[in-house]
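User: Please take a close look at the aromatic rings in this structure, and explain how they pair and where charges sit over them.

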Amino acid sequence: MRKVVGIDGTFLKGQYRGVLLVATAQDGNGQCYPLAWGIVDSENEDAWTWFLTQLKEIIGDTDELALISDRAPSIKKAISIVFEKAHHGACAWHVAQNIKNKFKCADIMGSYWSAVNAYRCEDFAGYMTEISHRYPRVAEYLENKVGFEKWSRCHYPGLRYNITTTNMVESLNSMLVNARDFPYVALLDVIQEKMSKWWNDRRIVAMAITAPLTPSRESEFMPRFAQSNGRHTLQLNPVTYHVKGGELEGVVDIFNKTCTCKEFDIDKLPCIHAIAAAHHAQVSVYSLVSPYYTKEYYVLAYGETIYPVGSQSQWDVPNEVATRVVLPREVKERKRGRPKTSRFPSVGEFRKRKNRCGKCGAYGHYKKKCNSQTGSTEGNQPTDVPV
């Protein structure tokens with residue numbers, strides 16, 4: 001598993017409320033690979049410190065580890081306390097939402113995302129020049145307030161591969177959109193059942209693979225073979241090759257698995273220059289691929305079975321846990337009226353409001369533009385209700 005972990009929290013809506021904290025990685029096929037779940041009172045420094053301490057017991061702490069999250073101060077503080085070696089990166093999507101909200105500059109998002117995904121610092125500098133010419137305050141914010149090393153792929157001090165956002169965590173949160181209303185134990189049962197199914201289904205898929213790489217990486221990798229054809233390759237020494245042709249040249253080191261285009265260095269998947277160099281050196285291209293993308297690692301990732309917890313009478317509870325007194329969480333009195341089922345939009349997120357006609361009751365137009373011949377009466381239902 002690539003050592004990039006996304007962390008985030010989502011509010012629970014049951015009787016006791018609380019927050020579900022999640023940590024997830026991605027498997028070699030680009031799918032969510034949940035590592036840890038935790039229920040806490042709220043997202044604060046103590047809660048995140050406890051959660052990350054438990055997470056550290058599972059994944060350890062190395063300078064190869066990348067932790068991706070939003071820019072919440074409590075997460076940032078907890079990471080600095082628990083992880084001494086790992087690198088912390090900001091979710092580029094959350095940074096983009098902050099920019100749009102603070103500076104009202106949605107028209108430069110194209111340049112921003114190009115800067116986020118740039119492999120080479122010289123390309124990044126060009127995109128930042130575009131931003132600074134149009135919105136100097138945005139450029140200053142990205143450099144000094146956020147820091148290039150937090151959101152830019154080419155400036156990140158560790159390895160975050162192609163993972164620039166916390167979308168993998170958001171996917172897990174959306175999976176539990178209905179289960180978040182459940183009591184804690186029922187919620188955890190839903191999570192366990194879902195994970196058991198994922199592990200079994202993906203194990204079956206992994207065992208059936210005949211190609212050297214996972215399906216998503218094979219589909220990404222194969223077009224590069226065609227693009228590498230016709231490129232002139234010059235050997236510089238036993239392991240280094242200069243590849244010409246196309247818009248960008250590359251100097252490839254097949255021993256250290258690097259290329260001056262930086263795609264090979266960051267993604268750990270051979271770029272078109274590396275493929276051309278491998279062909280010239282009569283070396284298997286697949287030997288240059290990171291093992292994280294191979295079928296073998298994909299099978300190992302889902303080699304274990306996730307079993308149900310079973311009935312409470314069958315639990316083997318340690319003494320120190322059985323004798324511990326755990327008080328229920330204090331339940332705050334709810335406000336009058338029907339509880340809200342939809343969340344408030346986050347910073348920079350906007351929702352399109354549907355217009356409802358005051359004459360016919362249908363959605364999508366106003367009363368003045370209504371073509372209905374008869375107006376709605378009490379008890380009539382709208383003819384077009386949004387799903």
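Analyst: The following describes the aromatic pairs first and the charged side chains afterwards. The model is predicted, with local features requiring pLDDT of at least 70 and side-chain atom pairs counted only at pLDDT 80 or more, while totals for chains, interfaces and linings use all residues. Residues are numbered from 1 along each chain as its sequence is written, and side-chain values use heavy atoms, leaving out hydrogens and water.

Rings of Phe, Tyr and Trp (its six-membered ring) are taken as a pair if their centres lie within 6.5 Å, and planes under 30 degrees apart count as stacked, over 60 as edge-to-face and the rest as tilted. By this rule there are 14 aromatic pairs. In one of them, the ring centres of Phe 124 and Phe 148 are 4.9 Å apart with the planes at 75°, so the pair is edge-to-face. Because Phe 124 belongs to helix α5 (residues 121-134) and Phe 148 to helix α7 (residues 148-151), this pair ties together parts 24 residues apart in sequence; helices here are DSSP runs of H or I with at least four residues, numbered from the N terminus.

Phe 124 counts as buried at 2% relative accessibility, and Phe 148 is buried at 16%, where buried means under 20% relative accessible area (1.4 Å probe, protein chains only). Both residues also belong to one aromatic cluster with Tyr 112, Trp 113 and Trp 151.

Turning to the charged side chains, a charge sits over a ring if NZ of Lys or CZ of Arg is within 6 Å of the ring centre and within 35 degrees of the ring normal. The charged end of Arg 2 is placed over the ring of Tyr 161, 5.1 Å from its centre, and Arg 160 lies over the face of Tyr 156, at 5.1 Å from that ring centre.

Note on methods:
Helix = DSSP H or I, 4+ residues; strand = E, 2+ residues; numbered from the N terminus. Buried < 20%, exposed > 50% of the residue type's maximum accessible area, 1.4 Å probe, protein only.
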